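Biologist: Please take a close look at the sheet in this model, and tell me how its strands are ordered and what packs against them.

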Amino acid sequence: MQTEVLKVTGMICGGCTASVADALMGIPGVSAADVSLSAGEARVQYDERVASAGLLKSAVEAAGFGVGSTSAPAAKRGCCG
């Protein structure tokens, strides 16, 4: 098992954290996704034989959020905007 901590931008409410968690938990090999609005991060446990850090980042971005940047993504800001 591998643990990855992703800095997630664009989250503005509990719905956002749920969207990020759902996107991460939808990836085969992910066993846990703990998303914190206040910390602006997601702590993900996954099987590195099945998933990768790049796949985790892609899932968060596909859900409309930024990863590893200090600014919110330009296209969509959270689940509400």
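Modeller: Contact here means heavy atoms within 4.5 Å, and in this predicted model residues 24 or more positions apart account for 60% of the contacts in the protein with a separation of 6 or more. Along the sequence the pattern reads β-α-β-β-α-β, which comes to two helices and four strands. The four strands form an open sheet in the order 2-3-1-4, with antiparallel pairing, and its edges are strand 2 (30–36) and strand 4 (66–67), each of which pairs on one side only. Strand 2 is joined to strand 3 (residues 41–46) in the antiparallel sense over six bridges, and one residue pair of this kind is Ser-36 with its bridge partner Glu-41 in strand 3.

Helix 1 (residues 14–25) packs on the sheet, where it touches strand 1 (2–9), strand 2 and strand 3, and its direction makes about 165° with that of strand 2. Helix 2 (residues 53–62) lies across strand 1, strand 2, strand 3 and strand 4, and runs at about 30° to strand 1.

Within strand 1, Glu-4 deserves a separate look. Glu-4 is buried yet has no salt bridge, and the nearest side chain of opposite charge, that of Lys-57, is 5.1 Å away, whereas a salt bridge needs a side-chain nitrogen of Lys or Arg within 4 Å of a carboxyl oxygen. Leaving aside residues up to four places away in sequence, Glu-4 touches Ala-42, Arg-43, Val-44, Tyr-46, Ala-53 and Leu-56. For the protein as a whole, 36% of the 81 residues count as buried.

Conventions: Residues are numbered from 1 along each chain as its sequence is written. This is a predicted model: local features need pLDDT of at least 70, side-chain atom pairs count only at pLDDT 80 or more; totals for chains, interfaces and linings use all residues. Side-chain values use heavy atoms; hydrogens and water are left out. Two strands pair if DSSP finds at least two bridges between them. Axes are lines fitted to C-alpha atoms, for helices over the stretch in contact, and angles run from 0 to 180 degrees between N-to-C directions. Buried means under 20% relative accessible area, exposed over 50%, partly exposed in between (1.4 Å probe, protein chains only). Lys and Arg count as positive and Asp and Glu as negative; His and the chain ends are not counted.
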